[in-house]
Each structure stands twice: as C-alpha cells, then as structure tokens.
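This briefing covers selected features of one protein model, grouped by topic. The sequence and structure are shown below.

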Amino acid sequence: MNNHEIDYKLYGDDMQFVEIELDPQETVVAEAGSLMMMEDGISMETIFGDGSGDSGGGIMGKLMGAGKRLITGESLFMTTFTNVGSGKKHVSFASPYPGKIIPMDLSEYRGKIICQKDAFLAAAKGVSVGVEFQRKLGTGFFGGEGFIMQKLEGDGLAFVHAGGTIHQKVLRPGEVLRVDTGCLVAMTSDVDYNIEMVKGVKTALFGGEGLFFATLRGPGTVWIQSLPFSRLASRVFAAAPQTPGGGSKGEGSITGGLFDLLGGK
C-alpha cells in the first residue's frame, strides 16, 4: 500500500466526529479547521498542496496541487497530524454542520471517489485530493454544485461528511437514478453523471424543486444526503429576523406575525 494504514472510530449520531488512531510515524491529512482534539505526542504541520505526499514535479507539482484546491473553493493549505511518540496516539476531527461522516476505503472503489467540492474531511497520508471536471456542458453550467467536483485518489481510508441522513445506493448496469443536484454527495468513477432540466414549465417554475436535477446511470455506487447544507442555510436565513435591530418579538409564532402586521414594537 502507498497510503498509511489507520484505524478509526466514529462517535455520535447527528453531530459526529471521527477519532483516528495513529501508530508511531503514521500521518493523517485533514482540511484546515476540522481538528477537534489530539493527544500529546502528535505533531501538527501545515502543508501546501493536496496532501498526497507526492513530491514528484518539485515546486511546480506543489503549485498545481494547490491551484486545483483553490479552484474547488478550498484553502491552499492542508494540515497533517503525525504520531511522533512511541505508542499509539489519537486525533479527532468533527463535521462542520449536522450530518454524517462516511468512511471510504478507496481500495474497494478502484482507487477513486468523486464527491461534492466541500465534502472531504480527512484521509490517510497518501490520498490525493484533486478536482474532477465534468465533461458535459450542461453539467458545468447547471449542476447546482458547479461543474467542478473533488476527486479522492489512492488506496487508503478517506472520510467524507454530508448533511442529514446518508443513503448509499448501488446502481445496476443501465439503472438510472434522478436526484436533486444538491443531494449528491459522492459517486464511484464508473457512474455516468449528467444534468437534465425538469420537464414542464409549471413544474419547473412552481414545483419548488428547482429547474434541474442530476441523472446518475449505473453501474456504480452513489451516496445521497437528505439535507444539503445550502438547503439548511436557506431555511435558517428565511427564518432569521429581518428587522433592522436584529430581532422581533415572538419570531416564528402567530403573535410575532401579528406584531409585525400591526407595526408593534
């Protein structure tokens, strides 16, 4: 194996975190800001690039890896955590919003997983975090999550997070699944991915489901989330107080609406 072999344990239900056990000199790579806690004896270092540990290409290779991460909206830097002690040590990473953490052994999926651009949480050192450009023009313009997705490559463990409940579905050859574009979390590289427009003008304009949905064609495995962060954020924003002072009496209640209607303070 090219990747470090790591053990892990998941804690929690809807607000999960993953505890990773590192043997001496083992390393895990994580997104900046995802650390929850770590034991003494773990060395923390900020690195430039995708965290694969591949030094091939010198400075230009590192610049290319960092540039790819910048395209996906992520930070130019990642953080490594290495056990520099003599015994087993533990480091934990938490999800940034309510949902689930999905452990993925990339060796079981032909060494590659394609996921939405903000799904990656952490991985064993050696896993490459790059970008996946969608070939189809329609996917690029109307994909909801953008035409650029993340790709995780290697033969080790990677951890992906998503909102709400996660449903894993194995598609048979030729089987088609249509999902909301924001609900697609990840898929194996053999899944054919495209965007279709909702049929019917009334359905598209007044159905409340958006103008486009993702069409996934098997064979392959896909992971679907029940609560995309964008959907959660839009509901929170809609329910937030809209008064200049930042608050109102009885938000979310009948009396609160009555106060607003009558101009109550």
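Two strands are taken to pair if DSSP finds at least two bridges between them. The model is predicted. The points below concern a three-stranded open sheet, two separate nonpolar cores and the buried residue Gln-150.

**Sheet**
- Three strands form an open sheet in the order S15-S18-S17, and their pairing is antiparallel.
- Strand S15 (176-180) and strand S17 (192-197) are the edge strands; each has a single partner strand, so one side of each lacks a neighbour in the sheet.
- From one strand to the next, the twist averages 30°.
- S15 and strand S18 (residues 212-217) run antiparallel and are joined by five bridges.
- Val-179 is positioned opposite Ala-214 in S18.

**Nonpolar cores**
- The largest nonpolar core comprises 22 residues, and those with the most contacts inside it are Met-104, Ile-113, Leu-152, Val-185, Ala-186 and Trp-223.
- Two or more residues of this core come from each of strand S8 (99-105), strand S9 (112-115), strand S10 (120-124), strand S13 (157-163) and strand S16 (184-188).
- S13 gives the largest share of this core, three residues.
- A second, separate core has 16 residues, including Leu-22, Phe-81, Phe-93 and Ile-101.

**Gln-150**
- Gln-150 belongs to strand S12 (residues 148-153).
- Its relative accessible area is 0%, so Gln-150 is buried.
- A polar atom of the Gln-150 side chain lies 3.1 Å from the backbone oxygen of Lys-117.
- The backbone nitrogen of Phe-120 is 3.5 Å from a polar atom of the Gln-150 side chain.

Notes
Residues are numbered from 1 along each chain as its sequence is written. This is a predicted model: local features need pLDDT of at least 70, side-chain atom pairs count only at pLDDT 80 or more; totals for chains, interfaces and linings use all residues. Side-chain values use heavy atoms; hydrogens and water are left out. Helices (H or I, at least four residues) and strands (E, at least two) are DSSP runs, numbered from the N terminus. Axes are lines fitted to C-alpha atoms, for helices over the stretch in contact, and angles run from 0 to 180 degrees between N-to-C directions. A nonpolar core is a set of buried Ala, Val, Leu, Ile, Met, Phe, Trp, Tyr and Cys residues joined through side-chain atoms within 4.5 Å. Buried means under 20% relative accessible area, exposed over 50%, partly exposed in between (1.4 Å probe, protein chains only). A polar contact is a pair of N or O atoms within 3.5 Å; within protein, one must be able to donate a hydrogen and the other to accept it, and residues adjacent in sequence count only if both atoms are side-chain atoms.
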